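Grab your viewer and work through these two exercises. Try each task yourself before reading its solution.

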Amino acid sequence: MLQVAICDDDRSALERYAAQLERLAAQEQLGMRLTTFPSGEALLFALEDLDWRLDVLYLDVQMPGLSGIETARRLRAMGCEAQILFLTNSREEVFESFDVRPLQYLLKGELSMEKFRTSFARAVQLCGRQRETLFVCERGAERRAIPFQEISYFEVTKRIVTVHYTGGSFAFYSSMGELEKRLPPGAFVRTHRAFFVSLAKIRRLDQESLGLTSGESLPLGRTYVKQVREQLSRYLSGGEGGRSE
């Protein structure tokens, strides 16, 4: 589900752009959750909820209180990697906006429906690419975006998941089922009731354990041996989800 937000103190603009996005999502049969905010402060407050993430953000520049650019700066400082599209009546802040890496700076008075559609399509496409390459996790105010290729394995204890990767490890809250849905098909395999391991990091396999490229050894559950051998064989032979070198 794509998480999209619009932040604008102009209620009529908020409703107009929301209706356009709902229409585009329906045309493209795109699953989307759309949320609107009347101020930067309200948006930042909402993002403190750990169960809420943001993929695409349409952000007015000139607002009372926090400006759109200052709101974007705070979002980036929080680790937010959303595609940001500024919507404004002013050209004056275009160069200042570069600091927060916006996807586009759109002038309301010159924004045709076609331009709105193409900019949204580009944002959706970039979100898809980002999800394919990065695993994003959060704990409290801390957020990590870890390249999948750097991840060796996930270890689950009750509702706490620890991701082990090249730069270290990071613990966050999730379940085994929720975690599995977020992993790229054919790249990770469940080797034990408490472990998901990257097939690219497995270098040794026997009946009770497996060895990783890092030198670590992990337990291999008896009920998972056949599944691990089959998936590892497909991966090494370049089958579905496997490498093609």
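Below are two tasks, each with its worked solution.

This is a predicted model, where local features need pLDDT of at least 70, side-chain atom pairs count only at pLDDT 80 or more, and totals for chains, interfaces and linings use all residues. Residues are numbered from 1 along each chain as its sequence is written, and side-chain values use heavy atoms, leaving out hydrogens and water.

**Exercise 1.** Work out the order and pairing sense of the open sheet with 5 strands.

*Solution.* Strands here are DSSP runs of E, at least two residues, and helices runs of H or I, at least four, numbered from the N terminus. Two strands pair if DSSP finds at least two bridges between them.
- Step 1: the order reads 2-1-3-4-5, with parallel pairing.
- Step 2: strand 2 (32-37) and strand 5 (104-107) are the edges, each pairing on one side only.
- Step 3: strand 1 (residues 2-7) runs parallel to strand 3 (residues 56-60) over 4 bridges, and Cys7 sits opposite Leu59 of strand 3.

**Exercise 2.** Find the partner of strand 11, then decide whether Thr191 in that strand is buried or exposed.

*Solution.* Buried means under 20% relative accessible area, exposed over 50%, partly exposed in between (1.4 Å probe, protein chains only).
- Step 1: strand 11 pairs antiparallel with strand 12 (residues 195-198) over 4 bridges; the two make a hairpin with 2 residues between them.
- Step 2: Val189 faces Val197 of strand 12.
- Step 3: Thr191 has 0% relative accessibility, so it counts as buried.
- Step 4: beyond four places in sequence, Thr191 has contacts (heavy atoms within 4.5 Å) that include Leu210, Tyr224 and Val228.
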